[in-house]
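Morning, everyone. I have one structure for you today, and I'd like to walk through its strands, its core and its rings. Please have a look at it first.

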Amino acid sequence: ALQELQPFHGTCILPPYPRKMGTYIPEPVRNRAYELSHVSFTDEFTDSHTALALQTAIELGVESVWLTGYDGYSGAMSSKEQDLYNENEYLFGKYNNAGKKINAITATRYRKVEKTTVYGLLQTL
């Protein structure tokens, strides 16, 4: 599967060292990897995809984050889905508390993000 990454033109964002996933970086992405030095806005869930994406936004100096695809689950949630929902809700709140702006441009059940629409976003540009 790693052979399919060649040539790899993206950037692979890695959690800070030490990483739960280990320190091995596959050869196809080695020269295209960026390791975050720390996650500054939270002490919890620092290796989650959401935390890494939000920390990347901080390090890039992004003023506003626009979410899509974070619908927040519907109906009865499994234990795993409930845990992920709570984790993301916590991270969104901590990101807001750090003075950062986060908006959802598609429907979401997350309460700690501002809600708008793609049309509303276009009106601000």
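Let's start with one pair of residues. Valine 65 has isoleucine 102, in strand 4, as its bridge partner. Before I go on: this is a predicted model.

Now widen the view. Strand 3 and strand 4 run parallel, and four bridges join them. Add helix 3, and strand 3, helix 3 and strand 4 make a β-α-β unit, a right-handed one.

Which residues of strand 3 are on its covered face, and which on its uncovered one? Val65 and Leu67 are on the covered face. Ser64 and Trp66 are on the uncovered face.

Next, the core. The largest nonpolar core has 16 residues. Which of them have the most contacts inside it? Phe41, Tyr95 and Ile102. Four elements give two or more residues each to this core: helix 2 (49–59), strand 3 (64–67), helix 3 (79–97) and strand 4 (101–104).

Take tyrosine 95. Leaving out residues up to four places away in sequence, what does it touch? Its contacts include Leu54, Ala57 and Ile58. Val65 and Ile102 are also among them, the two bridge partners I opened with. Lys100 and Lys101 are touched as well. And so is Phe41.

That brings me to the rings. The count of aromatic pairs comes to six. Phenylalanine 41 and tyrosine 95 form one of them, edge-to-face, with 5.6 Å centre to centre and 90° between the planes. Where do the two sit in the chain? Phenylalanine 41 is in the loop between strand 2 (33–35) and helix 2, while tyrosine 95 is in helix 3. They are 54 residues apart, so this pair links distant parts of the chain. Both phenylalanine 41 and tyrosine 95 are buried.

Now another pair, phenylalanine 45 with tyrosine 90. This one is edge-to-face too, at 5.7 Å centre to centre and 75° between the planes. Why does this pair tie together parts that are 45 residues apart in sequence? Because phenylalanine 45 lies in the loop between strand 2 and helix 2, and tyrosine 90 lies in helix 3.

Buried or exposed? Phenylalanine 45 is partly exposed, with a relative accessible area of 33%. Tyrosine 90 is partly exposed as well, at 31%.

One last item on rings. Tyr70, Tyr85, Phe92 and Tyr110 are linked into a cluster by ring pairs.

That's my tour. Over to you.

Methods. Residues numbered from 1 in each chain as written. Predicted model: local features only at pLDDT ≥ 70, side-chain atom pairs only at ≥ 80, totals over all residues. Heavy atoms only, no water. Core = buried A, V, L, I, M, F, W, Y, C linked by side-chain atoms within 4.5 Å. Buried < 20%, exposed > 50% of the residue type's maximum accessible area, 1.4 Å probe, protein only. Contact = heavy atoms within 4.5 Å. Pairing = 2+ DSSP bridges. Right-handed = clockwise from strand over helix to strand, strands pointing away. Phe/Tyr/Trp six-rings, centres within 6.5 Å; stacked < 30°, edge-to-face > 60°.
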